[in-house]
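This report introduces a protein model to a reader who has not met it before. It treats the pockets and cavities, the metal site and a few local features in turn.

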Amino acid sequence: VDIGASTITRLPFATLEPEDIAFFQQLLPNRALTDPDVLASANVDWLQNVQGLSQILLRPQTVEEVSLILRHCHLRGLAITPQGGKTGLVGGGVPIFDEVIVSMALMNHIIDFDDWQGVLVCEAGCILESLMQYVEKRGRVIPLDLGSKGSCQIGGVVSTNAGGLRFIRYGSLRSNVLGLQAVLADGQVLDLMTQLRKDNTGYDLKQLMIGSEGTLGVVTSVTLLCPPMPVGVSLAYLGCTGFPGVLATLCAARSRLGERLSAIEFFDHQCAHLVHTHLGLNPPISGEFPFYVVVEMVDSDSHEDNEKISAFFEEVMEEGHVADGTIATTPGKVKTLWAYRERIPEAILRDGHVIKYDICVSINMMYDIVTATRQRFADRIKNTLGYGHLGDGNLHLNISLTTPDPTLHSDLNDFIYGWTAKHRGSVSAEHGLGVLKRHAIGYSKSSDAIALMRRLKNMMDPKGILNPYKVLPSEL
Ligand code: S2G
Ligand code: ZN
């Protein structure tokens with residue numbers, strides 16, 4: 001099959017036989033689905049970039065069932081695709097051919113919550129937004145926030161090592177996931193569930209599962225450290241006349257707001273225009289600017305918020321970094337203003353066929369590639385958009401086309417990945433590699449590193465049945 005800019009050939013895995021279906025239906029009564037409508041949805045990713053051919057969707061409810069599924073598939077040589085909320089952006093959560101889909105959706109129970117430490121223990125299929133609601137009732141927050149919170153699952157975001165809007169304050173899932181349980185390729189259950197902040201006994205095996213996108217094991221449960229919920233949240237929505245003003249605003253936020261800074265995002269005029277055009281959101285400030293910055297701060301004292309964020313706003317205005325802006329200090333207005341940033345991906349999807357780049361480079365140069373791409377491909381693309389997590393140097397460069405164009409996609413890959421490699425950046429900052437970006441891994445990792453990853457994969461999954469065609473560039 002042709003996917004993105006490359007062609008993939010099915011590997012010699014077994015094919016599903018009636019005996020396999022009988023086994024699965026006996027193991028999972030009414031939860032081993034072969035209905036074509038159910039499969040039609042399960043086989044395609046959110047961005048509609050990847051369309052698999054799976055003939056069966058399994059919905060286990062317990063880790064024992066996941067273990068027996070993998071044990072059977074391993075013995076038979078059947079490939080599997082673990083599936084969470086299917087909100088991934090690189091085709092990691094859907095089959096490429098007829099892999100058996102193992103959905104975690106029914107494993108959505110909260111197992112425990114330790115009030116003393118703020119540690120949540122839950123199954124992999126829990127939806128992020130429901131976990132947010134659960135812990136916030138207990139005075140805690142989930143240390144990540146994604147636009148897809150309404151449907152992404154904790155097992156999927158951990159397997160992807162997603163970043164999101166709160167990364168600058170709470171750091172990576174690699175530090176906030178304290179433990180996990182996963183089922184290995186042969187069905188063995190690896191129990192690394194711990195609620196301890198510190199455990200330095202041997203190799204940190206959970207880190208193999210975090211970010212490996214279901215290719216080394218199927219995550220079935222997670223233990224997550226949840227920081228205290230801030231009382232006061234306020235947000236500034238700012239218009240800047242140039243990218244130097246964006247960078248100066250970041251510096252001012254860091255020095256003026258310090259540890260209270262909980263998020264700082266930017267987006268360009270093109271993003272703001274599409275959010276207005278395609279989603280009908282009227283701009284919150286008058287006047288149009290080349291760039292916008294959203295700054296969120298949190299505090300334990302809601303009274304102080306207004307003073308702090310207002311002083312910050314006055315400073316960046318006086319310094320000339322910001323030309324206009326507005327401040328929100330009530331939860332409702334904060335949520336309204338976040339929509340201008342959070343819904344950019346949704347707006348872009350309505351602009352045509354979208355090609356997404358998720359790169360990390362030094363913050364001061366992160367917009368250079370947007371300008372360079374816009375100029376170099378002006379006559380071949382509809383819109384070039386730049387937005388992302390300013391504080392992390394994580395740019396989302398999105399290109400909309402009137403129709404898909406594999407040649408153009410390949411030219412864009414060469415140009416953008418080449419630029420990223422030249423500036424020693426990462427060709428995937430938070431979305432993972434999946435199937436769409438696995439061939440780009442060499443722009444950010446040495447051939448020795450990739451060879452070691454391959455040896456690790458072959459040791460953990462000798463038959464290669466776990467989420468094949470993903471993450472690593474080839475099965476050889
Ligand atoms: C973001 C969400 C997904 C996308 O908005 O920060 O990571 O479409 C993205 O890029
Ligand atoms: Zn992002």
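## Pockets, cavities and a metal site

Sorted by class, the residues that line the second largest pocket comprise 19 nonpolar, 16 polar and nine charged ones. This pocket belongs to a predicted model, and its volume is about 940 Å³. Its lining is made up of 44 residues, and those closest to the centre are Arg-174, Gly-211, Leu-433, Lys-445 and Met-453. Two elements, α8 (206–209) and α16 (447–460), each give two or more residues to this lining. The most comes from α16, which supplies six residues.

The largest pocket has a volume of about 1100 Å³. It is lined by 50 residues, and Thr-87, Gly-88, Leu-146, Ser-148 and Cys-152 lie nearest its centre. The elements that contribute two or more residues to this lining are the strands β5 (80–83), β11 (218–225) and β17 (383–389), together with the helices α5 (154–160), α12 and α13 (344–349). Of these, α5 provides the largest share, five residues. By class, the lining of the largest pocket has 15 nonpolar, 23 polar and 12 charged residues.

The structure also holds three cavities of 30 Å³ or more. The largest cavity has a volume of about 60 Å³. Its lining consists of Arg-10, Phe-13, Ala-14, Leu-78, Ala-79, Phe-97, Asp-98, Glu-99, Val-100 and Tyr-469. Seven of these lining residues are nonpolar and three are charged, while none is polar.

The volumes and lining classes are set side by side below.

| Space | Volume | Nonpolar lining | Polar lining | Charged lining |
|---|---|---|---|---|
| Largest pocket | about 1100 Å³ | 15 residues | 23 residues | 12 residues |
| Second largest pocket | about 940 Å³ | 19 residues | 16 residues | nine residues |
| Largest cavity | about 60 Å³ | seven residues | no residues | three residues |

## The zinc ion

Which protein residues act as donors to the zinc ion (ligand 2)? They are His-389, through NE2, His-396, also through NE2, and Glu-430, through OE, at 1.8 to 2.1 Å from the ion. Along the sequence, the donor residues follow the spacing H-x6-H-x33-E. His-389 has a relative accessible area of 3% and therefore counts as buried, the cut-off being under 20%. His-396 is likewise buried, because its relative accessible area is 4%.

## Helix α12 and the loop at His-109

Helix α12, one of the elements that line the largest pocket, runs over residues 331–342 and has 12 residues. From its first C-alpha to its last it reaches 16 Å, close to the 16 Å expected at 1.5 Å a residue. The buried residues in α12 are Val-334, Leu-337, Trp-338, Ala-339, Tyr-340 and Arg-341.

His-109 is placed in the loop between β6 (100–103) and β7 (110–114). Its relative accessibility is 46%, so it counts as partly exposed, a class that lies between 20% and 50%. The C-alpha atoms of His-109 and Gly-125 are separated by 7.6 Å, although the two residues stand 16 residues apart along the chain.

## An annotated domain

An unreviewed UniProt entry gives the annotation "domain: FAD-binding PCMH-type" to residues 50–229. Over residues 50–229, the chain is 23% helix and 22% strand. The C-alpha atoms at the two ends of that range are 38 Å apart.

Notes: Residues are numbered from 1 along each chain as its sequence is written. Chains are lettered from A and ligands numbered from 1 in the order in which they are written. This is a predicted model: local features need pLDDT of at least 70, side-chain atom pairs count only at pLDDT 80 or more; totals for chains, interfaces and linings use all residues. Side-chain values use heavy atoms; hydrogens and water are left out. On a 1 Å grid over the protein atoms alone, a cavity is a set of points where a 1.4 Å probe fits but cannot get out, and a pocket is an open set with protein on both sides within 12 Å along at least five of seven lines; lining residues have an atom within 4 Å of a point. Grid points are joined across faces, edges and corners, and a volume is the space filled by probe spheres set on the points. Ala, Val, Leu, Ile, Met, Phe, Trp, Tyr, Cys and Pro count as nonpolar, Asp, Glu, Lys and Arg as charged, and the others, Gly among them, as polar. Helices (H or I, at least four residues) and strands (E, at least two) are DSSP runs, numbered from the N terminus. The expected span of a helix is 1.5 Å times one less than its number of residues. Buried means under 20% relative accessible area, exposed over 50%, partly exposed in between (1.4 Å probe, protein chains only). UniProt positions are given in the numbering used here, feature names are shortened, and annotations may be inferred rather than shown by experiment. Donors are N, O and S atoms within 2.8 Å of the metal (3.2 Å for Na, K and Ca); water is not among the atoms, so sites may look incomplete.
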